[in-house]
Amino acid sequence: MQLSLEQVREMAPDEKSVIAANKIVSLNHWNSPGLSDVAIWGKCAGGRYQVRVDLQNLGSHCNCPSRKFPCKHVLALLMLFTSTPDAFAITDSPDWVADWIQKRRQREQQKSVEKKQPAKPVDPEAQAKRIREREARIAEGLQHLIVWMDDLIRNGVAGLEAQPFLFWDTQARRLVDAQAKGLASRVYKLAEIPNSSRDWPERLTNELGRIRLLVHAYLNQGELSPSLQADVRQLIGWTVSQAELEVSGTEIEDDWFIFGQRIEDEERFTTQRSWAVGRKTRQEALFLQFAPGKQGFAESIVPGTSFSGKLVFYPAAVLQRAKISERSEEQPVSAEDLFYLDSIDDFLTSYADRLARNPWLASCTCLLKEVSIAQHNGDWYLRDKHGYGVPFKSQETYRILAMTGGQQVDVMGEWNGNFFTPWSLLVNQQFRICS
């Protein structure tokens, strides 16, 4: 397993964990670090904490009391292995590591067996009744939303910048009560637009129009294609079960390169968003993982690595969200051959095509070749060799400028229709993560 320090830092739950881990990377803090064909391990704090990492999928465990995952000890062990691999004695795993690996393999095998077992029979009448009741609640919630939005447009958006969060929160909570949680999230995000930029009235009006279009599409979903109907229902708040995914999902096999990842802390859970792209098919893939509290994620997904395998994509007009069905061991590889669009104009043309198929597309992958960061009238842009540009937004703008030296580089990121957010770079053919 070859990892860079940047990839290890990307695995950290927060910046404080990285700082704490850096303080204990020295060999002075570790007893008997070891390496086998399946794991690395070591004891920290005078042997009090036993730290182990599964090399198959980077699963980890430490007996320290920290509620963060991975904890600073796991991060420090990986940093030490990355920077000083010769310090790890190659030997058989000790019992406390071998037993842990064995239990992990048994759990994985059990999950594989459970997946193959037929699902418990569902009472079709009871299920149909629950669906009808929920449809009725959603329809009622949408009618209230239509009245609220019509009043909003009739009165105009001027003055909305002075409205408290409660103004938006009240309407969003009504949608949550109506079991339209996906639509509620879009209403919550409206609160972030007023006063956020010079053109916020236009952006707010556009987003209100998209929400109104979504409501209209849901109330008339029988007229939509099956793929767009699936998009609309998921945007409102319906979920796709594992059984439905197996029946209606689209399977694609490729070599998948993971180029970016974000971890966001919500009130009760943590969300991990990872973007990947297929080398042969050029298909983009979004992996979403959720973990309650400070628990770890089910899958280990490391930016800057790739794996050969099969993905099952959720039904949609524009395939994006996917679940890993089969995969080989992750390996760090070059991302040079992923850049197949020659200019920003080519990318915007491809984005327009996707938007025509799904007008509510929240974001998409954007791999830009030979671009530089430029400033114009106080705003930042990415500019390509042909002179085209797109708005650029990052909390690490000056760090990225320092990494690129102001020269043209290949950038991998996310486009949300308004601006580009960088997730990683290729600098002198080296993969670099934009934290």
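1. A good place to start is the set of buried residues in α5: R134, I138, G141, L142, L145, I146, W148, M149 and L152. Buried here means under 20% relative accessible area, with exposed over 50% and partly exposed in between (1.4 Å probe, protein chains only). Helices (H or I, at least four residues) and strands (E, at least two) are DSSP runs, numbered from the N terminus.

2. A word on what you're looking at: this is a predicted model, where local features need pLDDT of at least 70, side-chain atom pairs count only at pLDDT 80 or more, and totals for chains, interfaces and linings use all residues. Residues are numbered from 1 along each chain as its sequence is written, and side-chain values use heavy atoms, leaving out hydrogens and water.

3. Back to α5, which covers residues 124–155. Its 32 residues reach 47 Å from first C-alpha to last, close to the 46 Å expected at 1.5 Å a residue; that expected span is 1.5 Å times one less than the number of residues. The buried residues pack against α6 (165–177), α7 (181–190), α8 (200–219) and α9 (226–236), with contact meaning heavy atoms within 4.5 Å. After the helix comes G156, with a positive phi near 90°.

4. Next, look at the open sheet of 5 strands, ordered β4-β3-β2-β1-β5 with mixed pairing. Its edges are β4 (60–62) and β5 (89–90); each has a single partner strand, so one side of each lacks a neighbour in the sheet. Two strands pair if DSSP finds at least two bridges between them. Helix α3 (residues 72–83) packs on this sheet, touching β1, β2, β3 (49–54) and β4, and its direction makes about 60° with that of β3. Axes are lines fitted to C-alpha atoms, for helices over the stretch in contact, and angles run from 0 to 180 degrees between N-to-C directions.

5. Within that sheet, β1 (residues 30–35) and β2 (residues 39–44) are antiparallel and share 4 bridges. If you want a spot to zoom in on, G34 has W41 in β2 as its bridge partner.

6. There's also an open sheet of 6 strands, in the order β14-β13-β12-β15-β16-β17, with antiparallel pairing. Here β14 (389–391) and β17 (430–433) are the edge strands, each with a single partner, so one side of each has no neighbour in the sheet. On average, neighbouring strands of this sheet are turned by 45° against each other, direction ignored.

7. Two helices lie across strands of that sheet. For α11 (residues 344–357) these are β12, β13 (379–384), β14 and β15, and the helix runs at about 135° to β12. For α12 (residues 397–404) they are β12, β13, β15, β16 (420–427) and β17, with the helix at about 20° to β16.
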